[in-house]
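Q: I have a structure to look at and would like to learn how to read it. Could you walk me through it?

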Amino acid sequence: MATILIVEDEPKMLRLLELNLADDGYSTRAATTAENGLKILASDKVDLVLSDVKLPGMSGLEFLQAVKRANAAIPVVMMTAYGTVETAVEAMKDGASDFVLKPFSIEEIKLIIRKELEVRRLHEENRQLREALGQRYQFENIVANSPSMQEVLATVEQVAPTNSTVLLGGESGVGKDMIARAIHQHSRRVNGPFIKINCTAIPENLLESELFGYEKGAFTGAVTAKPGKFELADKGTIFLDEIGDMPGSLQVKLLRVLQEREFERLGGTKTIKVDIRVVAATNQDLRAALEQGTFREDLYYRLNVVPISIPPLRAHKQDIPYLVDHFIKRFAESSGKTIEGITPEAMKLLVDFHWPGNVRELENIIERAVVMASGPRIEAGDIRLDVAPSGGQANSQATGNLATMFLPEGMTLEQFEDKLIREALQRAGGNKSQAARLLGLSRNALRYRLSKIGVPDEPES
Ligand SMILES: Nc1ncnc2c1ncn2[C@@H]1O[C@H](COP(=O)(O)OP(=O)(O)OP(=O)(O)O)[C@@H](O)[C@H]1O
Ligand SMILES: [Mg+2]
């Protein structure tokens, strides 16, 4: 059984954690300071670290950094009091695997510890298997030479044949759709349907009937019965994209589907049972949504059974040349042009770029370059990188110098934000999804801000 190092300066809390974790069969080591924690780590075999953020002497964050420097693979779970969420976010950036907010339940801690140890075991097994076989994962149409993308494929291969729910995380354009489909294709459900639903694209009032279907007469206009996506996905995979935008009212219903694999159509009384595999994706930090209370915690844990996080392109630049070749072949073929490759200067431009739009952006740029190319090779001049300062592209007023784009006289940042949000709502004609897009926020994040400035949350029509 695994050994857990607990670092906590409050004796009662320390004792409570020790007793409860020992109850579950873990062996524990305890320290009341970070300094002592590091000593234990240096001498004993420890599988997971559970540490308070606030410690006397060396802080929890410094401790985390020191642990990660010594052994990057060891999972560290941080405990932090309400009101210090920023610190928790900081901790995640520094490599913490997860965090819990005090006061927490022991069950919550146990769940997180079990999950972290399981993820670590999977990684370790993957690594050993790969080493033993000298194996490289290769999936059709997926470029993944870098270690981080190989890790993603290894997890896909391992999890695909199971029925486990998968939660894909990663910035826009990193390949979440692609990986969701790969999971389906490598599963035993491959001959069943793959049904995708984008929770942001569908207006909130239609989402429920889209997902669950309806009976004839369930509402005005329901002249015939219609099955929902969950029914259509029977014996297959359902892909819930942008899960962070799932409205609160539907989160409860989704939780039931995940737990019981059953639901009723709108206006129906018959319980429908389905055999589905759920893959969800998000490009936002769901933990922040948990904190703001816009995403249910129980749902989060049901979804986050096997988390797969897809790295941004700038974090695996060694894949860029392979991706470029892959896309040149594809677009040369579809455009009927003979393009043999790319000049070293052009390739350097691509490798040096920071790719805010990730693989999708690279794909678009190669498509355009193939069209532009007049010779047999793509040249630097054929490549048009979007180098507008991030965040400012859409707003021509914002391209001036700081003096002209600063806060209007006498306005606080909060008042200005308030004004921007109201302006976005107006431009979007009151449609919150569209307003959220204008602001680069998720619908839930917008809803949270609206409630803060006192705009009532009416259902959209
Ligand atoms: N590793 C890869 N190899 C080949 N093609 C890739 C790879 N990663 C992404 N792509 C391609 O990049 C494009 C964007 O990928 P995808 O739509 O899966 O991203 P996403 O993470 O779902 O984005 P969003 O968050 O905007 O929905 C797709 O055309 C996909 O095929
Ligand atoms: Mg997508």
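Q: What is the make-up, by class, of the shell around ligand 1?
A: Sorting the neighbours by class is a good way to begin. In this predicted model, the shell around ligand 1 holds 7 nonpolar, 6 polar and 5 charged residues.

Q: Which residues come nearest to ligand 1?
A: Of the 18 residues around the ligand, these are Val143, Ser172, Gly173, Lys176 and Glu363.

Q: Which atoms of ligand 1 pair with Ser172, Glu363 and Val143?
A: Here we look for N or O atoms within 3.5 Å of each other. An oxygen atom of ligand 1 sits 2.7 Å from a side-chain N or O atom of Ser172, and an oxygen atom of the ligand is 2.6 Å from a polar side-chain atom of Glu363. With Val143, the backbone takes part: one of its polar backbone atoms is 2.8 Å from a nitrogen atom of ligand 1.

Q: How much of the accessible area of ligand 1 does the protein cover?
A: On its own, ligand 1 has 640 Å² of accessible area, and the protein covers 86% of that.

Q: Which elements give two or more residues to the shell?
A: Those are α7 (176-185), α13 (320-335) and α15 (358-372). By domain, at least three residues come from each of domain 2 (136-311) and domain 3 (314-382).

Q: Now for Lys102 in strand β5: is Lys102 buried or exposed?
A: Compare its relative accessibility with the cut-off: under 20% is buried. Lys102 counts as buried because its value is 16%. Its side chain makes polar contacts with the side chains of Glu8, at 3.2 Å, and Asp52, at 3.3 Å.

Conventions: Residues are numbered from 1 along each chain as its sequence is written. Chains are lettered from A and ligands numbered from 1 in the order in which they are written. This is a predicted model: local features need pLDDT of at least 70, side-chain atom pairs count only at pLDDT 80 or more; totals for chains, interfaces and linings use all residues. Side-chain values use heavy atoms; hydrogens and water are left out. Buried means under 20% relative accessible area, exposed over 50%, partly exposed in between (1.4 Å probe, protein chains only). A polar contact is a pair of N or O atoms within 3.5 Å; within protein, one must be able to donate a hydrogen and the other to accept it, and residues adjacent in sequence count only if both atoms are side-chain atoms. A residue is near a molecule or strand if one of its heavy atoms lies within 4 Å of it. Accessible areas come from the Shrake-Rupley method with a 1.4 Å probe; for residues, only the protein chains shown count as cover. Helices (H or I, at least four residues) and strands (E, at least two) are DSSP runs, numbered from the N terminus. Ala, Val, Leu, Ile, Met, Phe, Trp, Tyr, Cys and Pro count as nonpolar, Asp, Glu, Lys and Arg as charged, and the others, Gly among them, as polar. Domain bounds come from an automatic or database domain assignment.
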